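Visitor: Before we look, I would ask you to justify each term that you use by setting the value against its cut-off.
Guide: Gladly; let us take the terms one by one.

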Amino acid sequence: MASARSPLRRRAVALVAAAVTALSGSVLLLGPVAGVASSHREAPEIAKDPLADNTDTYAFVSPDKPDMVTLIANWLPFEEPAGGPNFYFFDPSARYYINIDNDGDAVADIRYLWEFKSMYRTKDTFLYNTGPVNSFNDETLNFRQTYKLTEIRGDEETVLVRKGKVAPSHVGDASMPNYATLRDEAIEPLRGEDGLSFAGQADDPFFLDLRVFDLLYGGDLSEIADDTLDGFNVQSIALQVPSSDLTKSDDPVIGVWSTTDRQSTKIINADGSREHKGEWVQVSRLGNPLVNEVVIPLELKDAFNSLEPQNDASVDAAVERVNDPEVPKLIESIYGIPAPETPRDDLFAVFLTGVEGLNRPKGEVTPAELLRLNTSIEPSSEPSRLGVLAKDNAGFPNGRRLMDDVVDIELQALEGAVRTGELVEALAAGDGVDSNDKEFGDTFPYLALPHSGSDPNPHDPGEDGSTAAAGSPSGGVDTGGGGTASQPRQQLATRPVATTTQPASAATLPVALPVALALLGVVLGAAGVVTMRRSRGGTS
């Protein structure tokens with residue numbers, strides 16, 4: 001009997017293998033764009049650990065409560081909205097921090113620590129939710145997370161939130177018909193203090209065209225105006241506290257950065273379970289945007305993520321990259337725009353000490369890569385996406401608001417705009433992405449709601465091919481539109497696009513081929529199952 005069934009079993013295995021190959025091909029051809037993107041994954045080691053990967057840090061005076069400061073930090077880049085069945089979460093085996101230095105020595109005087117717990121109502125299903133979810137406490141929300149928020153000041157620890165609710169992943173409109181309600185439920189008051197806390201999924205607020213890595217926008221500024229992060233979500237934590245809780249004596253300037261800690265040893269058991277042991281070590285760090293991506297060289301990126309800010313100035317190679325950055329040299333070689341003279345005292349101030357008269361702490365300052373915020377500067381009544389470069393001192397590099405166009409600001413800063421006080425007109429168009437793909441909120445936590453898993457194409461740039469078009473500010477530099485006084489932003493961003501006409505069969509191939517492969521996989525898989533059943537039954 002065994003010899004009679006052997007050919008059938010071999011045929012069954014071959015059919016199933018062919019099915020897997022066909023289905024895999026369809027998945028690759030219809031695969032998510034996240035697989036080819038590479039912004040937030042700024043260092044080799046942290047790219048392997050997305051749940052610990054800081055993507056961005058924000059610090060700003062709250063626009064609706066000018067006596068309060070809002071701090072936001074994001075993790076887990078490139079969350080595909082429909083990425084189930086497990087979707088997205090904070091790692092209970094990690095520690096997530098927002099750190100505050102309020103005396104200029106680059107040592108954390110205040111640390112806010114978020115620690116998370118995960119729980120399932122039942123593991124007898126593969127579903128994240130077993131029906132529509134209208135409240136965090138609904139029995140239909142199978143996977144849930146809570147957190148404890150602790151304020152640490154030296155040896156003194158105060159629990160600000162004991163069992164905070166984490167806003168779940170936005171599975172889809174059928175599963176979560178009123179996601180805004182779930183977001184509101186996740187806004188927690190602080191125990192015994194003024195302030196609010198939030199943790200959960202949100203739209204990724206960072207907006208940029210990542211084709212900067214293709215020879216700086218294609219070598220001729222032809223590759224611009226597509227928001228690479230359009231349609232992706234992140235895991236966010238946000239905290240709103242009185243400015244007076246963060247500052248020290250008569251100095252209104254604070255330094256802000258976020259970090260992730262892990263235990264030094266991970267043990268993978270034979271049953272697939274994991275254990276974590278050993279000392280807690282820092283594995284990710286983020287203050288100013290894009291520093292580790294485009295300023296720190298590859299050989300130092302992992303070390304930078306583990307470095308404490310007070311030690312930044314001791315790494316000569318990193319300081320040298322600030323004083324003599326690579327990007328202006330690349331721009332000169334590709335676009336012929338002369339690089340500013342070195343050493344770059346202007347960049348040293350922006351990234352390491354704070355700018356005199358804007359956000360430099362009083363007294364002696366330890367050079368360190370921190371996001372520095374002057375909490376005494378009130379929110380602007382007419383905020384500009386270009387922040388300080390457009391005479392809006394409430395914006396980047398004085399802290400960072402969600403709306404600040406940090407790519408265009410840093411590009412101009414690298415080309416000397418902070419030193420001269422004038423924009424480099426040849427680069428005034430920037431990356432052509434002037435605003436986020438979703439509108440931000442007017443109240444805490446200000447983050448846009450996450451993209452829904454129901455959206456069949458969350459990364460669709462729109463009919464005009466540009467994610468920046470809708471809601472993008474217009475006008476010249478002073479209005480935040482990104483142009484110059486004589487040439488508006490729209491003219492600078494517009495470029496002719498070559499078009500070709502292709503046969504209908506060629507146009508439909510990108511969709512038809514993966515669909516056909518998927519159907520072929522299903523047919524082959526079914527044939528394999530039938531054949532295997534026949535082999536088990538001894539028929540031929």
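Visitor: Where does tyrosine 335 lie, and why is tyrosine 335 called partly exposed?
Guide: In this predicted model, tyrosine 335 belongs to helix H8. Its relative accessible area is 23%, and because buried means under 20% and exposed means over 50%, tyrosine 335 falls in between and is called partly exposed.

Visitor: Which residues is tyrosine 335 in contact with, leaving aside its neighbours within four places in sequence?
Guide: With those neighbours left out, tyrosine 335 touches Leu215, Leu216, Tyr217, Gly219, Asp220 and Leu221, where a contact requires heavy atoms within 4.5 Å. As for alanine 426, 91 residues separate it from tyrosine 335 in sequence, while the C-alpha to C-alpha distance is 9.3 Å.

Visitor: What makes helix H10 mostly covered?
Guide: Helix H10 spans residues 406-414, and 9 of its 9 residues are buried; the list includes Val406, Asp408, Glu410 and Leu414. These buried residues pack against helix H3 (215-221), helix H8 (327-335), helix H9 (345-353) and helix H11 (417-420). Just after H10 comes glycine 416, with a positive phi of about 100°.

Visitor: How many residues of H9 are buried, and what covers them?
Guide: In H9, 7 of its 9 residues are buried, and on that count H9 is described as mostly covered. The buried ones are Asp346, Leu347, Ala349, Val350, Phe351, Leu352 and Thr353, and their cover includes helix H5 (291-294), helix H7 (316-323), E12, H10 and H11. Just after H9, glycine 354 likewise has a positive phi, here of about 90°.

Visitor: How do you know that strand E10 pairs with strand E3?
Guide: Two strands pair if DSSP finds at least two bridges between them, and strand E3 (residues 94-101) and strand E10 (residues 253-268) are joined by 8 bridges in the antiparallel sense, so the two strands count as paired. Within this pairing, aspartate 101 has glycine 255 of E10 as its bridge partner.

Visitor: Which other strands does E10 pair with?
Guide: E10 also pairs with strand E12 (residues 371-374), antiparallel and over 4 bridges, and in that pairing isoleucine 254 stands opposite leucine 373. With strand E11 (residues 274-286) E10 shares 10 bridges, again antiparallel, and isoleucine 267 faces glutamate 275 of E11. The hairpin of E10 and E11 has 5 residues between the strands, and glycine 272 in this hairpin takes a positive phi near 90°.

Visitor: How many aromatic pairs does the structure hold, and why is the pair of tryptophan 75 and tyrosine 96 called edge-to-face?
Guide: The structure holds 12 aromatic pairs. For tryptophan 75 and tyrosine 96 the ring centres are 5.0 Å apart and the planes meet at 85°; because a pair needs centres within 6.5 Å and edge-to-face needs planes over 60 degrees apart, both conditions are met and the name follows. The pair links distant parts of the chain, with tryptophan 75 in strand E2 (residues 68-79) and tyrosine 96 in strand E3, 21 residues apart. Both of these residues, tryptophan 75 and tyrosine 96, are buried.

Visitor: What makes phenylalanine 444 and tyrosine 446 an aromatic pair?
Guide: Their centre to centre distance is 6.4 Å, and because the cut-off is within 6.5 Å, the two rings count as a pair; with 85° between the planes, that pair is also edge-to-face. Phenylalanine 444 and tyrosine 446 are both buried. Elsewhere, ring pairs link Trp75, Phe90, Tyr96, Phe116 and Tyr147 into a cluster.

Visitor: How do you know that the charged end of arginine 111 sits over the ring of tyrosine 97?
Guide: The charged end of arginine 111 is 3.7 Å from the ring centre of tyrosine 97, and the term asks for CZ of Arg within 6 Å of the centre and within 35 degrees of the ring normal; the distance therefore satisfies its part of the test. Arginine 400 lies over the face of phenylalanine 206, at 5.1 Å from the ring centre.

Visitor: How many helices and strands does the chain have, and what share of its residues count as buried?
Guide: The chain has 13 helices and 12 strands, and 50% of its 540 residues count as buried.

Terms used
Residues numbered from 1 in each chain as written. Predicted model: local features only at pLDDT ≥ 70, side-chain atom pairs only at ≥ 80, totals over all residues. Heavy atoms only, no water. Buried < 20%, exposed > 50% of the residue type's maximum accessible area, 1.4 Å probe, protein only. Phe/Tyr/Trp six-rings, centres within 6.5 Å; stacked < 30°, edge-to-face > 60°.
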